[in-house]
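This report looks at one protein, moving from the whole chain to a single position in it. Please keep the sequence and the model in view while reading.

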Amino acid sequence: MRPAMVLTDLDGTFLSSDRSIGAENLATLHALGEMGIVRVAATGRSLHSARMVIGSDLPFDYLIFSTGAGICHYSDSRIIHKRTLAKSDIHAVADFFVDCQLDFSIHQPIPETHRFHWYASPRPTSDLQARLEFWAEFATQGDYLEIEEASQLLAISLDAREIIEQLQQRFAHLSIIRTTSPIDDRHTWIEVFPPGASKGTAAELLCNSLNIERDRTMSIGNDFNDLAMLEWTGTSYVVANAAPELVKQFLPAPGNDAQGFAAATRAWLEQLQP
């Protein structure tokens, strides 16, 4: 069989709502490996955070993390690609978030993206407070003018559309991605990454390095940070619990608690040419 690739988001897609891994999903990963199909986990989580929920023993070949800012070999975390924000962009975007009175954080370069400096608005959100409680070990309050390098900035908002539009106009060269907060599903995370960073560009980079044709790729996701990946792959599914806007755009699959990854992969394999 000619080489092919399957990419899956983790939270809300491959993982069940309790972050367990369904038996069908796991069996499907093993079956793909036996067929020689490349298996990729693609997550918005940092490398450290991804390892907290899925370890390093699952039968994936590669891990795309931090929404495409980094790529590593799955089993040993060997970094094969990473992107970094310029100092001037870090300070300019941070100034913008301050002017908008948003809570935000600035994350250290890959692979230490789980470590961050945080900045609170005059009225800090419950989302920020929950993040600081959970990640207290890695969170530092500080002056962003002292920061030289970063992998991303993350701001928290209840109504992000207008802010994202302004960001895209002012910082068109950067990758600006909207994500539903995994903490409470009410807030939106506005994530700013280096130029070109996305799950889609990471998928393209991997395919080019492995000589895999675009039309022999399949992806599945559930949220807006999956959009670039879903738009790039040859065949694209979203689980039933995905954002409604995405459900209208891509092929349907059962929800993450019904092991939609396994169902979507079976459907794709049925039409994949040898």
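The text below describes the overall build of the protein and then turns to one residue.

The model is a predicted one, and in it the protein has ten helices and 14 strands. Its radius of gyration is 18 Å, close to the 19 Å that the globule rule gives for 274 residues, so the protein is as compact as a globular protein of that length. Taken along the principal axes, the box filled by the C-alpha atoms is roughly 55 × 35 × 35 Å.

Some values for the whole protein are collected here.

| Property of the protein | Value |
|---|---|
| Buried residues, as a share of the 274 residues | 55% |
| Contacts joining residues at least 24 apart, among those between residues at least 6 apart in sequence | 59% |
| Exposed area | about 12,000 Å² |
| Part of the exposed area supplied by carbon and sulfur atoms | 49% |

The charges can be described in a similar way: the protein carries 21 positive and 35 negative charges, and the mean positions of these two groups are 3 Å apart.

Where in the chain does Asn211 lie? Asn211 belongs to the loop between the helix α7 (199-210) and the strand β12 (217-221). Is Asn211 buried or exposed? Asn211 has a relative accessible area of 64%, and because residues over 50% count as exposed, Asn211 is classed as exposed. Asn211 can also be related to Ala4, for although these two residues are 207 residues apart in sequence, their C-alpha atoms are 9.1 Å apart in space.

Note on methods. Residues are numbered from 1 along each chain as its sequence is written. This is a predicted model: local features need pLDDT of at least 70, side-chain atom pairs count only at pLDDT 80 or more; totals for chains, interfaces and linings use all residues. Side-chain values use heavy atoms; hydrogens and water are left out. Helices (H or I, at least four residues) and strands (E, at least two) are DSSP runs, numbered from the N terminus. The radius of gyration is taken over C-alpha atoms; the globule rule is 2.2 Å times the number of residues to the power 0.38. Buried means under 20% relative accessible area, exposed over 50%, partly exposed in between (1.4 Å probe, protein chains only). Contact means heavy atoms within 4.5 Å. Accessible areas come from the Shrake-Rupley method with a 1.4 Å probe; for residues, only the protein chains shown count as cover. Lys and Arg count as positive and Asp and Glu as negative; His and the chain ends are not counted. The place of a charge is taken as NZ of Lys, CZ of Arg, CG of Asp or CD of Glu.
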